[in-house]
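Colleague: Could you take a close look at one part of this model with me, and then link it to what surrounds it? I would enjoy a walk through it at an easy pace.

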Amino acid sequence: MSDNSPILLWYRRDLRLSDHPALSAAAQSGRPVIPVFIKDTTVDALGAAPKWRLGLGLGALADSFDAMSSKLVLREGDALDVLQALVKETGAEAVYWSRLYDPASLQRDSKIKETLCDQGVDAKSFGGHVMFEPWSVETKAGDCYKVYTPFWNNVKTRDVEPPLAAPSELCAPEEWPASDALEGWGLAVAMNRGADVVRPFVCLGEKAAQSRLGGFMAHGVAEYKQTRDIPGTDGTSNLSENLSLGEISPHQCWHAGQRALQDGKQGAETFLKELVWREFACHLMYHTPRMLTDNWREEWDSFPWNEDERRAEVKAWKQGRTGEPFVDAAMRELYVTGRMHNRGRMIVASYLTKHLMCHWRIGQKWFEHCLIDWDPASNAMGWQWAAGSGPDASPYFRVFNPETQLDKFDKNRDYASRWIAEGRANPHKDALAFFDAIPRSWPLSAQDDYPEKIIALDEGRERALETYKGRNF
Ligand SMILES: Cc1cc2nc3c(=O)[nH]c(=O)nc-3n(C[C@H](O)[C@H](O)[C@H](O)COP(=O)(O)OP(=O)(O)OC[C@H]3O[C@@H](n4cnc5c(N)ncnc54)[C@H](O)[C@@H]3O)c2cc1C
């Protein structure tokens, strides 16, 4: 390889400069580095909110490169074609990237690696997206894990690579290749009116993610074990949005959590365990990619789910109009912020799949459309956990009762009143924001009456339990 040939640094879901093994390796080589992002079919396939959030993240990453006299080159097309064209244009002899583990990326990346290597290009993938490579965690029998607790026990005492500093400088190529304009990609198009409403809730970019982590370590993590389950408080890290696009690395979060634990902050161990849930999801997806599309437990294949999204009860669920305050508050939080508290996610998922007996894929798809922290593995695992069809799932006969959950986790109704406007003299501004975000085709207004329950909870629960009977779960 000649000393001055550039390295193409192919960015995907790793939108940061610090703790980026591929970028560090490229910078250390002393050769020119050309950061590239490609809008290929995996980007086109994203839901409205994740695609919009990606666009914001790319803008922030481009600014970071500009600030160090570098540049993020944007190209559109088949990833292999684009990389080959860039190799030709720039004389690059190497392409580096951070590994991803979903089936579409794995298939694309292995083909690209093979083709580029055959053509004499040094195509190399690096870690960084997860702390524990999915193939590096095995049971004693050499299998993958299917249950979280033994997975946690396996990894909890492992050494996690200390985070790498961002390179202080990057060598620029003699000539920069042409770049598309980010605005021309139309990544925001499907968000319509929602974008202006969601934007103030976004924590954008690497710097903001680091300060969010710092703030949480200083003020939140000590009480996290108690506060993480209360959706009316700001009791969690809110880092999923940044983790999902790689604006922060799990290693950075892990080491911050370890330091907090050493400082005697009790909640830090629970935080570390949650980070490992993300690892576990990725492990499951890598070993059983059908988890994204099919019941993990095949016994569920003959279950008579409602699969028709046009049904009135699905519409009511999506619009936060089921008449169950916990469910409706959470669905509106999703629409307004692009995120939803974990307790809300569990409750709306249980309600849709159990009380309404709708297929978990309907919910998975809606979350994929609305979440700015969308992650294919965590989303699929969460939905299959709630439905009962997943590997380490909530028992199928456990049906969350949204009313008793509200009494337990939202005693003072802080959460419900923040998100539901109807029937209130002075609705919260966030509850009103919902009506600014929704599509005009939803004929809803804050002046409407709050809806009657679309199903009595007992009736829904009994119907589900009755249908489970005689099945071999
Ligand atoms: C039906 C359903 C769908 C979900 N879809 C997603 C999704 O698309 N993207 C996503 O990131 N998470 C998803 N989750 C998991 C979880 O709800 C979110 O990670 C969490 O609410 C994020 O908030 P936080 O960053 O404040 O988390 P914290 O409580 O601060 O936890 C720290 C980090 O640990 C990880 N984590 C925490 N809980 C989980 C979990 N149950 N599964 C996997 N990782 C976890 C996240 O990366 C999170 O940022 C889903 C859960 C359910 C039940």
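**Around strand E2**

Modeller: Happy to! Strand E1, helix H1 (residues 21–28) and strand E2 form a β-α-β unit, and this unit is right-handed. Please keep in mind as we go that this is a predicted model.

Let me stay with E2 for a while. E1 covers residues 7–11, and five bridges hold it to E2, with the two strands running parallel. If you want one pair to look at, take Leu 9, whose bridge partner in E2 is Pro 35. E2 also pairs with strand E3 (residues 73–76), again in the parallel sense, and here there are four bridges. On that side you can pick out Val 36, which stands opposite Val 73 of E3. E2 thus has a parallel pairing with E1 and another with E3.

Is E2 buried or exposed? Seven of the seven residues in this strand (residues 33–39) are buried, so the rest of the structure largely encloses E2. The side chains point in two directions: Val 33, Pro 35, Phe 37 and Lys 39 go one way, while Ile 34, Val 36 and Ile 38 go the other. Both sets are buried, the charged Lys 39 included. Pro 35, the partner of Leu 9, belongs to the set with Phe 37, whereas Val 36, opposite Val 73, belongs to the set with Ile 34.

Now for the record that goes with this region. An unreviewed UniProt entry annotates residues 5–131 as "domain: Photolyase/cryptochrome alpha/beta". In the model, 47% of that span is helix and 20% is strand, and its end C-alpha atoms are 31 Å apart.

Further along the chain there is another parallel pair: strand E4 (residues 94–98) and strand E5 (residues 122–126), joined by five bridges. Between these strands the chain passes through helix H5 (residues 103–118), in a β-α-β crossover that is right-handed. One pair to find here is Tyr 96 with its bridge partner in E5, Lys 124.

Helix H4 (residues 79–90) gives us a contrast with E2, since it holds Leu 80. Leu 80 has 17 C-beta neighbours inside 10 Å, and because buried would require 20 or more, this residue counts as partly exposed. From Leu 80 we can step over to Asn 242, which is 162 residues away in sequence and 27 Å away in space, C-alpha to C-alpha.

That step brings us to helix H10 (240–245), and so to the ligand, because H10 supplies at least two residues of the ligand's shell, as do helix H12 (268–287), helix H15 (342–355) and helix H17 (376–387). How many residues surround the ligand? There are 27, and the closest are Thr 236, Ser 237, Ser 240, Asn 379 and Gly 382. Sorted by class, the shell contains 12 nonpolar, nine polar and six charged residues. Domain 2 (130–161 + 196–287) and domain 3 (298–468) each give the shell at least three residues.

Ser 237 deserves a moment here. Its place is in the loop between helix H9 (224–227) and H10, and it counts as buried, with 24 C-beta neighbours inside 10 Å. UniProt (unreviewed entry) lists Ser 237 under "binding site", together with Tyr 224, Thr 236, Asn 238, Leu 239, Ser 240, Phe 271, Asp 373, Trp 374 and Asp 375. These residues do not all gather at one spot, because they span 152 residues in sequence and the farthest two C-alpha atoms are 22.5 Å apart.

A last stop is the backbone. Most residues other than glycine have a negative phi. Asn 192 has a positive phi, near 50 degrees, and sits in the loop between helix H6 (148–155) and helix H7 (194–198). Arg 413, in the loop between helix H18 (402–409) and helix H19 (414–419), also has a positive phi, near 60 degrees. Asn 192 is partly exposed, with 14 other C-beta atoms within 10 Å, and Arg 413 is partly exposed too, with 15 C-beta neighbours inside 10 Å.

Notes: Residues numbered from 1 in each chain as written. Predicted model: local features only at pLDDT ≥ 70, side-chain atom pairs only at ≥ 80, totals over all residues. Near = placed C-beta within 6 Å. Domains from an automatic or database assignment. Pairing = 2+ DSSP bridges. Right-handed = clockwise from strand over helix to strand, strands pointing away. Buried ≥ 20, exposed ≤ 12 C-beta atoms within 10 Å, placed from the backbone. UniProt positions renumbered as here; feature names shortened; annotations may be inferred.
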